[in-house]
Amino acid sequence: MLKKIVLPCCLALSLAACATAVPPVEVTRFHVGDPAHSGTVAVEEMPGNPDVSLEYRTYSNAVQQELQKVGFTPAAEGAKSDYVALVAFRRGFRPTGYDRSGKPVSVGVGGGVGSGGYSGLGVGIGINLSGKPKDIVSTELQVQIRRRSDSTTVWEGRAVTEAREGSPAAQPGLAAGKLATALIQGYPGESGRTITVK
């Protein structure tokens, strides 16, 4: 009987942990009229991408997959595409609220007199062993879709999420997939409106 209760509870807790591991994403998109929903597209690095690194491939692959889901086709190797999807991303670190008192130990003293005339004195010592809180990692993905023939931007968007440093949600692979999905799903989306995608 105990197994029948404990196993589903453990499973539910693990699924809840997975569901809450990835924080919400703020998404803003802009377009004029009804932008293209099909055609060949090449994903390229945005000029002046502020965070040039090997992580770029992770983000560009995530964007390519999401563009395929909304109707675009990857351009063949060496062929000229109808559209270019320019991708940029950046990661920043923000310190969390650290106890500025600099006191890792707190001491509390309390006393009392009971109804029978008995008195007592207690001393409590609290030691914070958790160390400095982890920084918050902010990750931003930007995508612009331009018509190759005249370089006109037909759609652009930005997605931002935050996670505690060291958590699964702060890892580039998970962040890239979550940001690309939140940004491009429902393409083209409502222009000029910021939404939160959970």
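**Notes on salt bridges and ring pairs**

1. Arg94 and Glu162 make a salt bridge, with their closest N and O atoms 2.8 Å apart. The two partners come from distant parts of the chain: Arg94 sits in strand β4 and Glu162 in strand β8 (residues 153-164), 68 residues apart. Neither end is tucked away under the usual cut-off for buried, which is under 20% relative accessible area: Arg94 is partly exposed at 41%, and Glu162 is partly exposed at 37%. Keep in mind that this is a predicted model.

2. Strand β4 (residues 83-94) also carries Arg91, whose partner Glu55 lies in the loop between β2 (39-45) and α2 (56-69), 36 residues apart. Their side chains meet in a salt bridge at 3.9 Å, N to O. Arg91 is partly exposed, with 22% relative accessibility, and Glu55 is partly exposed too, at 24%.

3. A further bridge joins the side chains of Arg193 and Glu190, at 3.3 Å from N to O. Both residues count as partly exposed, Arg193 with 45% relative accessibility and Glu190 with 49%. The structure holds six salt bridges, and the ones in these notes are among them.

4. On to the rings. There are four aromatic pairs in the structure. One of them is Tyr59 with Phe89, a stacked pair at 4.1 Å centre to centre with 10° between the planes. Tyr59 belongs to helix α2 and Phe89 to strand β4, so the pair ties together parts 30 residues apart in sequence. Both rings belong to buried residues: Tyr59 has a relative accessible area of 0%, and Phe89 has 1%.

5. Phe72 and Tyr187 pair in another way: their ring centres are 5.8 Å apart and the planes stand at 80°, so this pair is edge-to-face. Phe72 is in strand β3 (residues 72-74) and Tyr187 in the loop between α3 (172-184) and β9 (194-197), so parts that are 115 residues apart in sequence are tied together. Phe72 is buried at 3%, and Tyr187 is buried at 8%. Ring pairs link these two with Tyr83 and Trp155 into a cluster.

6. Last, have a look at Thr139 in strand β7 (residues 136-147). Is Thr139 buried or exposed? Buried, because its relative accessibility is just 2% and the cut-off for buried is under 20%. Leaving aside residues up to four places away in sequence, Thr139 touches Tyr59, Arg90, Arg91, Ala159, Val160, Thr161, Ala175 and Leu179. Two names there should look familiar: Tyr59 from the stacked pair and Arg91 from the bridge to Glu55.

Notes:
Residues numbered from 1 in each chain as written. Predicted model: local features only at pLDDT ≥ 70, side-chain atom pairs only at ≥ 80, totals over all residues. Heavy atoms only, no water. Helix = DSSP H or I, 4+ residues; strand = E, 2+ residues; numbered from the N terminus. Buried < 20%, exposed > 50% of the residue type's maximum accessible area, 1.4 Å probe, protein only. Contact = heavy atoms within 4.5 Å. Salt bridge = Lys/Arg side-chain N within 4 Å of Asp/Glu carboxyl O. Phe/Tyr/Trp six-rings, centres within 6.5 Å; stacked < 30°, edge-to-face > 60°.
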